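Here is a short tour for anyone meeting this structure for the first time. Have a look at the picture, and then we'll walk through it piece by piece.

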Amino acid sequence: MSAVESALAAALYLEGDAALDTGASLLAAAPEADAELARRGAEFVRRAWERGWQPADVVRLVRRDLDEHHVRLAAGLIAAETRAYGQLPPRWAAQLEELDTTPWRADRFSYATAVLELYRLLARLPAIEPVGPVPGTPLHVGPVHGEPRMLARIRALLAKAEATGYPEEAEALTAKAQELMARHSLDEAALAARTHSADEPAAVRIGVDAPYETAKAILLDAVAGANRCRAVWNEAFGFSTVVGFEPDLEVVELLFTSLLVQGTGAMTKAEAAQRAGGRRRTKTFRQSFLLAYAHRLGDRLSATSRRVTAEEPTLLPVLAARDVAVTSRADRMFPETTTTRVRGATDHEGWAHGTAAADRARTSHPRGELDE
């Protein structure tokens, strides 16, 4: 049995620090085993893809359960393994660009310990519902012409909304972005109907990180629902899977990220004012703030979507068919979803400020009328 096999047998399948120390000692004393150790790491990464995981999912879990140097080790493994493929699934390129592949340096024993801790986590990853093909699978995609102009406009509006220090300006920019999103969805549905497109719903995972992950998951669910998608939260692994047609998935990712940035910024300002007045219960304030923000935005976004849709009554049958397709795909992917009771908000001030922040991010009609 090689040094790597002995180390893995000790560290991966036995519990406790003693097993890790034994494995790390074996590896530290055998520098000739480094290449084999790297090959075994590539095998663990490949197995993760086969079990339904994607690069961002793995990195997110490593960051949550281990330390930052484990994240860099995982990023290096992922980058090296994926270089072997001539073509990667959609969205993988963006995930790989986010990796921090800066090498982590340490003495041999510490390095071996960290590697074995990472491999232990990777070896125990369960199978999850896949949201795309495994790398190496032939992809049947049409020519790529770059990002649609509408999405580029939406992205620019949301970036400005996040950057401005004026709530009224952020409100106007976000409102316009949501209107464009709703119309973009209608345009895509109309195009699919005219061309008799065979497109089917797809899925994407979006990270829902602690703290206050329940409120964030509710916000994502609200954004998804308003844009003809369905979101299913996996609390154990820190992500939600959003099911919908590809154009709608793109805008859900954009809007959720932007609203979370805006909401967090508004919460920080409101909390600072509260603390200046002598308050100290910041945790309950934040939780209540974000819950109110999510609930209020859900109402506002849905109202905007209904209003824009009502302007195109001839598309109602097409939209209804797409809604059925999304629901069917989500039900097939997640036949055993459960509904969880959410602990109610307990901080009145937090709820009030969160509602106000959601109103500042409200949607409005392009001709100027405000939401009811």
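What covers the buried residues of helix 7? The cover includes helix 1 (3–12), helix 2 (17–28), helix 3, helix 4 (55–65) and helix 5. Keep in mind as you look around that this is a predicted model.

**The overall picture**

The protein has 14 helices and 3 strands. Of its 372 residues, 45% are buried. If you take the contacts with a separation of 6 or more, 79% of them join residues 24 or more positions apart.

**Helix 7 and its surroundings**

Back to helix 7, then. Its buried residues are A112, T113, A114, V115, L116, L118, Y119, R120, L121, L122 and A123. The helix takes in residues 108–123, and at 1.5 Å a residue those 16 residues should span 22 Å. The end C-alpha atoms are in fact 22 Å apart in the model, so the expected span and the model agree.

Two of the helices in that cover also pack against each other. Helix 3 (residues 34–50) meets helix 5 (residues 68–82) at an angle of about 80°, and their axes are 9 Å apart. That angle makes the pair roughly perpendicular. On the helix 3 side, the contact is made by A38, G41, A42, V45, R46 and W49, while helix 5 brings L77, I78, E81 and T82. Sort the residues of this contact by type and you get 6 nonpolar, 2 polar and 2 charged.

**The sheet**

Now for the strands. They form an open sheet of 3 strands in the order 1-3-2, paired antiparallel. Strand 1 (202–207) and strand 2 (230–234) are at the edges with a single partner strand each, so each has one side without a neighbour in the sheet. From one strand to the next, the twist averages 25°.

How is strand 1 placed, enclosed or not? In strand 1, 5 of the 6 residues are buried, so this strand is largely enclosed by the rest of the structure. Its pairing with strand 3 (residues 239–244) is antiparallel and runs over 6 bridges. Within that pairing, R205 sits opposite T241, and I206 has S240 as its bridge partner.

There is a helix to find here as well: helix 13 (residues 316–333) lies across strand 1, strand 2 and strand 3, and runs at about 140° to strand 3.

**Two buried residues side by side**

Two residues are worth picking out, one from a strand and one from a helix. The table puts their values together.

| Residue | Where it is | Relative accessibility |
|---|---|---|
| T241 | strand 3 | 3% |
| S185 | helix 9 (residues 167–195) | 8% |

Why do both count as buried? The cut-off is under 20% relative accessible area, so T241 at 3% counts as buried, and so does S185 at 8%.

Their contacts make a nice trail to follow in the viewer. Setting aside neighbours within four places in sequence, T241 is in contact with V131, A203, V204, R205, R230, A231, V232, M333 and F334. With neighbours within four places in sequence left out again, S185 is in contact with R228 and D248.

Definitions and conventions: Residues are numbered from 1 along each chain as its sequence is written. This is a predicted model: local features need pLDDT of at least 70, side-chain atom pairs count only at pLDDT 80 or more; totals for chains, interfaces and linings use all residues. Side-chain values use heavy atoms; hydrogens and water are left out. Two strands pair if DSSP finds at least two bridges between them. Helices (H or I, at least four residues) and strands (E, at least two) are DSSP runs, numbered from the N terminus. Axes are lines fitted to C-alpha atoms, for helices over the stretch in contact, and angles run from 0 to 180 degrees between N-to-C directions. Contact means heavy atoms within 4.5 Å. Buried means under 20% relative accessible area, exposed over 50%, partly exposed in between (1.4 Å probe, protein chains only). Angles under 35 degrees count as roughly parallel, over 145 as roughly antiparallel, 65 to 115 as roughly perpendicular and the rest as oblique. Ala, Val, Leu, Ile, Met, Phe, Trp, Tyr, Cys and Pro count as nonpolar, Asp, Glu, Lys and Arg as charged, and the others, Gly among them, as polar. The expected span of a helix is 1.5 Å times one less than its number of residues.
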